[in-house]
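This briefing is intended to be read beside the sequence and the three-dimensional structure. Please keep both in view while going through the points below.

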Amino acid sequence: KMTQQMRDLQLAQARKPPGPSSPNAAKRLYRNLSGKFRVNYTSFDEGSLVGRGEKEKLRKSYLFQSNAALFEAVELQDLDRVQEMLKHYSPEELDLNTPNSEGLLPLDIAIMTNNAPIARALLQAGAKESPHFVSLESRSLHLSTLVREAEQRVNELMAQVVNEAPSADCSEKEKQLKAWEWRFRLYKRMKAGFEHARVPDAPSSVHLSVASSSSLQVTFWEPLSVNSAVVTKYKVEWSCSPTFSPLLGEAVMDKLKELHFTIQGLVSGTVYHVRVSAYNMKGWGPPQASMPPFAIPSNWREYDGRAPRRRGQAEALDHLLGQVKTVHQHCICHEPCKNQPQSRKHSVSKSLKHLFHPGSKFLKTLKRGLYLTAIFYKDDNILVTHEDQIPVVEIDDTYSCLLMQDFLWLTKVSCMWDEILWLRQCVTVSQSSCSCILQTRFKMLLAISQMQGLLGIQDLGQVFFEPIKDKQGNILIVTLKEVKTNQTFESVRWVPICKLQSSRKSVSSPEEPTALDMLLISIQDKLAYHQRSSHALSPGLYLGYLKLCSAVDQIRVLVPEQLPNILCHVKIRSNPNVSREEWEWLQKMASAEEPVPTEPEADRSQNPLFQELQVAIKELMTLVNIPLQEAKDFRLYSQEVLDFGDQVSFLLLLPPSDDVCTAPGQNNPYTPRSGFLTLPLQIFELGEER
């Protein structure tokens, strides 16, 4: 019956010609294809192809050849070739899960020859076992049939070679005989591999953690035994009973890139037991119970019923902004905008006057004042004017007010680049007052509008955290934005950064460089800062170190240079959720005013979070260069877990209360010396939001 099924399968797949007839033929095929595979078939000159039908034939030919080459590489146990093909081509291009004329898939051959490295590579690429092997008996019968038919074919060819006189036809049959002898040995090896295999052992370890108030995270590891066949599937089961009767649910995992599974849709506060078992071609092995033996879905907020801090805040702010805009719609500041339609002559005259106005062009030099520059970059190129100058516009040539508050105000405005015109109109109302601050901010909005108009770009990017000041009295505010696409602009063009740096002729001395020269010298550092500040953390729970320092007009926060939008931190674990039980333990430790856990204690060795915190605190103290013995005076912030979305959360480690914020001139031992920088607190908050 199985033989008949395989013959039917062969007829159904008549479109797939037989593969190479020998190992040498397979090697030649792969060698001939290896160069061609690196170039997609569509890269050939389409003019040399006759219509779409010819291109489709070429495509199918390449797909068949790649499939045949993959089968032969697996049969020859050539791991390097298999990995290279899986790297360069998708499962669809390789026809990875379509059986060959013998009813086998590449994964079947790998696991039955017990080639674990190739089998794992195929599994990670999405390979599956043949669906025709519905039982152990069917697999055994099919292998016996392949061995018997191969042996029969060998005997037939051997008889023909012995009885026939030497000729060209006889030489061809000798080649066929060698190919079938090789295939006969392959099938016997596969049959022996199947017969000697046994069911897999239980997974070596199963870790259970609370992922949320309605889910559990299960992480497991492969069985330790190396004698059983390759594991191709895992089964996760869960129940409210330690005997797993009744069973509440199960999930079979056949995609094995990552050995973890999240059980969703659970009831908060309910006890769940979990176990995992492994599968190979001989069947399911024994289950492995999780550690801890059970878990209860929960979240730290359930401890006191606290609502998320930011719930509804974004919507409320949008609503508030909408209300403010509505109130200002009929304001006097909008009157100039209502009288826009004017005569064509007056419009042309105004535009010509604007064209020759000195403030309508980019500046080449600075003359003691406050300026705005916009840095747009893509890879190693930067946008410059047609005079090879970085775009600079003047904000105020008589600037004398306190800069920091105006600067921080501008950083907030950078979140509303599209609303600059509206903001200008609103600030105009108060321009009649003698407020130096309002006048300066109005000029900032004018400069932003001018920069946007000259560049033809609304979004000027992120404001660099520190203005550039020179000894000539110039102050340069810098915005940075990375351009992802290939865009062209009318008033600016792309040039390599290195060319701009080498070709610019400085008009200042090395001892007293101008702000523009200082910008060019440090531009690579600023671009690196901008790229790093947009990096996101991988999902998990982190331990952050909060250290502030104050100045006359601002408070600054300590951050790592490599990730300046996040506090100094180390990763505690990949699971971001803090369960109710874990938070309750942290509260008890805080209320008892116990020191942070830096040394192991026997009575707490069973608490996973305690152990994880020990490791994280030691790593964090090493990172910020603080002796571990001084960490005994540090405290864990116990008011809340800082949640940044659903995937990242933070516990905070604080220095002693008197040392959280360092006063000007104070020498504090809890501030590291290198690899870190301090950002104004408002800049840090904006970067965190981005």
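Leu 383 is buried, because its relative accessible area is 1% (buried means under 20% relative accessible area, exposed over 50% and partly exposed in between, with a 1.4 Å probe and protein chains only). The structure is a predicted model, in which local features need pLDDT of at least 70, side-chain atom pairs count only at pLDDT 80 or more, and totals for chains, interfaces and linings use all residues. Residues are numbered from 1 along each chain as its sequence is written, and side-chain values use heavy atoms, with hydrogens and water left out.

**Surroundings of Leu 383**

- Leu 383 belongs to strand β10, residues 381–385 (helices, H or I of at least four residues, and strands, E of at least two, are DSSP runs numbered from the N terminus).
- Apart from neighbours within four places in sequence, the contacts of Leu 383 are Phe 376, Pro 391, Phe 489, Val 492, Arg 493 and Trp 494 (contact means heavy atoms within 4.5 Å).
- Leu 383 and Arg 493 are 110 residues apart along the chain, yet their C-alpha atoms are separated by 5.3 Å.

**The chain as a whole**

- The protein chain has 21 helices and 24 strands.
- Of its 690 residues, 45% count as buried.
- Among contacts in the protein chain with a separation of 6 or more, 73% are between residues 24 or more positions apart.
- The chain exposes about 36800 Å², of which carbon and sulfur atoms supply 53% (accessible areas come from the Shrake-Rupley method with a 1.4 Å probe, and for residues only the protein chains shown count as cover).

**Helices α15 and α20**

- Helix α15 covers residues 436–455; at 1.5 Å a residue its 20 residues should span 28 Å, and the end C-alpha atoms are 29 Å apart, which agrees (the expected span is 1.5 Å times one less than the number of residues).
- The buried residues of α15 include Phe 442, Met 444, Leu 445, Ile 448, Met 451 and Leu 455, together with polar or charged side chains such as Arg 441 and Gln 452.
- Gly 456, just after α15, takes a positive phi of about 75°.
- Helix α20 covers residues 608–623; its 16 residues should span 22 Å at 1.5 Å a residue, and the end C-alpha atoms are 23 Å apart, which agrees.
- In α20 the buried residues are Leu 609, Phe 610, Glu 612, Leu 613, Gln 614, Ala 616, Ile 617, Leu 620 and Met 621.
- The cover over the buried residues of α20 includes β16 (540–545), β19, α19, β20 (635–636) and β22 (648–654).
- Asn 625, just after α20, takes a positive phi of about 60°.

**The loop residue Asn 575**

- Asn 575 lies in the loop between β19 (568–573) and α19 (580–591).
- Asn 575 counts as buried because its relative accessibility is 12%.
- The side chains of Asn 575 and Ser 209 are joined by a polar contact of 3.5 Å (a pair of N or O atoms within 3.5 Å; within protein, one must be able to donate a hydrogen and the other to accept it, and residues adjacent in sequence count only if both atoms are side-chain atoms).
- Leaving aside neighbours within four places in sequence, Asn 575 is in contact with Ser 209, Val 210, Ala 211, Gly 540 and Leu 541.

**Salt bridges**

- The whole structure contains 21 salt bridges (a side-chain nitrogen of Lys or Arg within 4 Å of a carboxyl oxygen of Asp or Glu).
- Glu 195 and Lys 191 form a salt bridge with an N to O distance of 2.4 Å.
- Both residues lie in helix α9 (residues 168–196), four residues apart, about one turn of the helix.
- An α-helix has 3.6 residues a turn, so residues three or four places apart point the same way.
- Glu 195 counts as partly exposed at 44% relative accessibility, and Lys 191 is partly exposed with a relative accessible area of 23%.
- Arg 198 and Asp 201 meet in a salt bridge of 3.3 Å, N to O; Arg 198 is partly exposed at 34% relative accessibility, and Asp 201 is partly exposed at 29%.
- In the salt bridge between Asp 379 and Lys 378, the closest N and O atoms are 3.4 Å apart; Asp 379 is exposed at 56% relative accessible area, whereas Lys 378 counts as buried at 16%.
- Salt bridges that share partners join Glu 72, Glu 75 and Arg 183 into one network.
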